[in-house]
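Work through the exercises below with the model open. Try each task before reading its solution.

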Amino acid sequence: AEQAIRYTTIFLTKVMPLNILPSTYEATSALSAVMINMIAFVIASISLYDLTIFILKRESLKNNLDAIANGDHSKVTQQKDETHHLLAKTAAQLFCVNPAGVFFTAAYSESVFAMLTFSGHAIAARGKFYHCQLQKETMEEQGLKKGHGRIRWWWAKFYWIASTALWMLASYTRSNGTFSSIWWLLIGVSKCISCIIANRRAIERKGTISVAIDCLSSLVFCGALALLVAYPVYYHDGRGYNFHCVKPMQRPI
């Protein structure tokens, strides 16, 4: 965050007339920090709006998939886009006017942290929604092999890359970003439970080896992503310890 403020300050002094900027470098740095935080606050609000919409859409689609799987087509409902947008808009508005909003416009790290965290979850929500769409119809029926559909297919398969990268940056911004690693652990556990439930009959007929391998691979994969999300805090603490607590002659090169 400090580097972003410094570079933004240098950029402002290069491109803006000096007579409209604050008279000192410190004041210009404070202006840069407020500008960065306000932009990050807007992006965080948009990300929360997007996140809420795709969570609601996925829930509606998942209910329809369950109804179709159970043969009860009477419970299949149309997507209520207007309701989804209204709820998402309300969530974003409440976030914007919450009592702690002053911290999101001042020179703190909350705005950047919220932007990175919400953006990661918004990307994950989109990926989960597109994955449900893939379950509902084939790629050919959805046109997922070309155009925007192909982008959705890649998003459904590889959303975890962008989400993990954003959450790593969030952890580097604020230490409580490591809580996002718990999300990956919960996903790994839920995949194991879903795998066991879906393969109960196969376990009774063929044994547990194949199911155990699937469960173990899910746990290892999600556990590795959780470690990546938490790693920036370990790196930051280790760097601080080497800088402040280790004698200069003992510091690693």
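A residue is called buried when its relative accessible area is under 20%, exposed when that area is over 50%, and partly exposed in between. With that cut-off, Val-211, Cys-215, Ser-218, Cys-222, Gly-223, Leu-225, Ala-226, Val-229, Pro-232 and Val-233 of H10 are buried. Keep in mind that this is a predicted model.

**Exercise 1. The overall chain**

Task: State how many helices and strands the protein chain has, and what share of its residues is buried.

Solution.
- Step 1. Count the elements. The protein chain has ten helices and zero strands.
- Step 2. Read them in order. From the N terminus the pattern is α-α-α-α-α-α-α-α-α-α.
- Step 3. Apply the burial cut-off. Of the 253 residues, 32% count as buried.
- Step 4. Check the contact range. Take contacts between residues at least 6 apart in sequence; 70% of them join residues at least 24 apart.

**Exercise 2. The length of H10**

Task: Compare the expected span of helix H10 with the distance between its end C-alpha atoms, then locate the kink.

Solution.
- Step 1. Take the helix limits. H10 covers residues 209–244, which is 36 residues.
- Step 2. Compute the span. The rule is 1.5 Å times one less than the number of residues, so H10 should span 52 Å.
- Step 3. Compare. The end C-alpha atoms are 50 Å apart, which agrees with the expected span.
- Step 4. Look for a bend. A kink of about 40° lies at Ala-230, shortly before the proline Pro-232.

**Exercise 3. H8 against H10**

Task: Decide whether H8 and H10 are roughly parallel or roughly antiparallel to each other.

Solution.
- Step 1. Choose the descriptors. Two packed helices are described by the angle between their axes and the distance between the axes.
- Step 2. Read the values. H8 and H10 pack at about 175°, and their axes are 8 Å apart.
- Step 3. Apply the threshold. Angles over 145 degrees count as roughly antiparallel, so H8 and H10 are roughly antiparallel to each other.
- Step 4. Name the contact. On the H8 side, residues including Ser-180, Trp-184, Gly-188 and Cys-195 take part. On the H10 side, the contact residues include Val-211, Cys-215, Cys-222, Val-229 and Ala-230.

**Exercise 4. The largest nonpolar core**

Task: Identify the residues that touch the most other members of the largest nonpolar core, and the element that gives the largest share.

Solution.
- Step 1. Recall the tendency. In soluble globular proteins, nonpolar side chains tend to be buried together.
- Step 2. Find the hubs. The core has 35 residues, and Phe-54, Phe-95, Met-115, Leu-116 and Trp-184 touch the most other members.
- Step 3. List the contributors. Two or more residues each come from H2 (25–69), H3 (81–96), H5 (110–136), H7 (147–173), H8 (180–198) and H10.
- Step 4. Rank them. H5 gives the largest share, 13 residues.
- Step 5. Follow one hub. Beyond its neighbours within four places in sequence, Leu-116 is in contact with Leu-166, Trp-167, Leu-169, Ala-170 and Thr-173.

**Exercise 5. Two tryptophans**

Task: Classify Trp-167 and Trp-183 as buried, partly exposed or exposed, and list contacts for each.

Solution.
- Step 1. Start with Trp-167 in helix H7. Its relative accessibility is 0%, so Trp-167 counts as buried.
- Step 2. List its contacts, leaving aside neighbours within four places in sequence. Among them are Leu-116, Gly-120, His-121, Trp-183, Trp-184 and Val-229.
- Step 3. Check one pair. Trp-167 and Val-229 are 62 residues apart in sequence, yet their C-alpha atoms are 5.8 Å apart.
- Step 4. Move to Trp-183 in helix H8. Its relative accessible area is 22%, so Trp-183 is partly exposed.
- Step 5. List its contacts with the same exclusion. Trp-183 touches His-121, Ala-124, Lys-128 and Trp-167.

**Exercise 6. The loop between H7 and H8**

Task: Find what Thr-178 contacts and how far its C-alpha atom is from that of Val-233.

Solution.
- Step 1. Place the residue. Thr-178 is in the loop between H7 and H8.
- Step 2. List contacts beyond four places in sequence. They are Ser-171, Ala-230 and Val-233.
- Step 3. Take the distance. Thr-178 and Val-233 are 55 residues apart in sequence and 7.4 Å apart, C-alpha to C-alpha.
- Step 4. Add Asn-176, which lies in this loop too. Its relative accessibility is 32%, so Asn-176 counts as partly exposed.

Terms used: Residues are numbered from 1 along each chain as its sequence is written. This is a predicted model: local features need pLDDT of at least 70, side-chain atom pairs count only at pLDDT 80 or more; totals for chains, interfaces and linings use all residues. Side-chain values use heavy atoms; hydrogens and water are left out. Helices (H or I, at least four residues) and strands (E, at least two) are DSSP runs, numbered from the N terminus. The bend at a residue is the angle between axes fitted to the seven residues ending there and the seven starting there. Buried means under 20% relative accessible area, exposed over 50%, partly exposed in between (1.4 Å probe, protein chains only). A nonpolar core is a set of buried Ala, Val, Leu, Ile, Met, Phe, Trp, Tyr and Cys residues joined through side-chain atoms within 4.5 Å. Contact means heavy atoms within 4.5 Å. Axes are lines fitted to C-alpha atoms, for helices over the stretch in contact, and angles run from 0 to 180 degrees between N-to-C directions. Angles under 35 degrees count as roughly parallel, over 145 as roughly antiparallel, 65 to 115 as roughly perpendicular and the rest as oblique.
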